[in-house]
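Biologist: I'm new to reading models like this one, and I'd like a close look at a single part. Could you pick a strand and walk me through where it sits, then set it in the wider picture?

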Amino acid sequence: MVGFVVISHSAKLAEGVVDVTRMMADGVPIRAAGGLEDGSFGTSYDKICAAVSEIYTDDGVILMTDMGSAIMTAEMVMEAMEDKKLVLADCPLVEGAVAGTVCAVSGMSLEEIIEELSDLKK
Amino acid sequence: MTDQSGLIGMLLAAGEEIEKQKLYLTELDNVTGDGDHGINMARGFDAVSKKLSTLEDKDIGTILKTVGMTLVSTVGGASGPLYGTAFMQAGKVLSGKNEIEMTDFLAAFDAAIEGVKMRGKSTVGEKTMLDAMVPARDAMVKAYGETGDVKAAFAAGIEAAEGGIEYTKTIIATKGRASYIGERSLGHTDPGAESFTFMLKAVSERL
């Protein structure tokens, strides 16, 4: 099953998004990677790497971000893990996480899920 | 121009300057951003300073790449990926070198700028660190080409970077947090342009 890492400047926000996805898509590999190690606001390269490593399978992982440095840091993680199937979603964070995890639970592939998520912005 | 230990001295000096300017940079960022640039950069360079003592026997490329990775992992804000990429790209150009000349420095500076542009999907005129970095690079290339004098080239670079900082006051931000406040960013300098210029000055004092 495709996995998800929710990246936010805020630990609470990332965890909240994960919680919301569990309402409709329990059982999807998903991790929150929000805030810095000391709990303050920011994006942590190490947290994102750890989250990806925890849930990664050959089905791949979709990274979801809130804004700005979350996107840039996610891109650097993907560059460092170039042997892994990782894609950065470009869609609203909460709606995308909910839609994406529902798609994953139904068995869709990473490519199919990204296609679905790209429709959310329209 | 310098060798491994000279470079380490320059990086430590840059870090000390950032620590000194931490509150000033944070105040700047408070006005147009999320108020953490100085704190973030100081945290990043504190981690860099601790790492540097373990890198004395490494080549210059490795030193710079390690600085870059350390910044990405510790800064926490946008300047982490941006400066992180800058140092990593500079390090790639200087791979295997134990000494560098001015021409090496300028090539690495070029790569750093391209790295920031790629990472930030940005260019000059958007009120970012590039508005200090690019004029500095252009002035240094010109001055060094004309005089062959390293110190003169750095002086020209610093003057151009300071001009870049002043220029950022006159434009609206189209990148980063400040882009969300639109016209209210007018009249304020960009913190990234300022932190870059502080670092350039600190490095030039070690020449």
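Modeller: Here is a tour that starts with one strand and then widens to the two chains.

A little bookkeeping comes before the tour: this is a predicted model, where local features need pLDDT of at least 70 and side-chain atom pairs count only at pLDDT 80 or more, while totals for chains, interfaces and linings use all residues. Residues are numbered from 1 along each chain as its sequence is written, chains are lettered from A and ligands numbered from 1 in the order in which they are written, and side-chain values use heavy atoms, with hydrogens and water left out.

Let's zoom in on strand 1 of chain A, residues 3-8. Helices (H or I, at least four residues) and strands (E, at least two) are DSSP runs, numbered from the N terminus. So how much of this strand is buried? In strand 1 of chain A, 6 of the 6 residues are buried, so the strand is largely enclosed by the rest of the structure. "Buried" means under 20% relative accessible area, "exposed" means over 50%, and "partly exposed" lies in between (1.4 Å probe, protein chains only).

In a regular strand, side chains alternate between the two faces of the sheet. Here both faces are covered: A:G3, A:V5 and A:I7 are buried on one side, and A:F4, A:V6 and A:S8 are buried on the other.

Now for the neighbours. Two strands pair if DSSP finds at least two bridges between them. Strand 1 of chain A pairs in the parallel sense with strand 3 (residues 61-65) of chain A, over 5 bridges. Strand 1 of chain A also runs parallel to strand 2 (residues 30-34) of chain A, and 5 bridges join them. Take A:I7 as a handy landmark: its bridge partner in strand 3 of chain A is A:T65, and in strand 2 of chain A it stands opposite A:A33.

Zooming out, chain A has 5 helices and 4 strands, which follow the pattern β-α-β-α-β-α-β-α-α along the sequence. Its radius of gyration is 13 Å, which agrees with the value near 14 Å for a compact globule of 122 residues. That radius is taken over C-alpha atoms, and the globule rule is 2.2 Å times the number of residues to the power 0.38. Along its principal axes, the C-alpha trace of chain A spans about 35 × 30 × 30 Å. Of the 122 residues of chain A, 48% count as buried. Contact means heavy atoms within 4.5 Å, and of the contacts in chain A with a separation of 6 or more, 75% come from residues 24 or more positions apart.

What about chain B? Chain B has 9 helices and 2 strands, in the order β-α-α-α-α-α-β-α-α-α-α. The radius of gyration of chain B is 16 Å, close to the 17 Å from the globule rule for 207 residues, so chain B is as compact as a globular protein of that length. Of the 207 residues of chain B, 55% count as buried.

One loop in chain B deserves a peek, between helix 6 (102-120) and helix 7 (130-147). B:K121 is found there, and so is B:K127. Neither is a glycine, yet B:K121 has a positive phi of about 50 degrees and B:K127 has one of about 70 degrees. B:K121 is exposed, with a relative accessible area of 55%, whereas B:K127 counts as buried at 4% relative accessibility.
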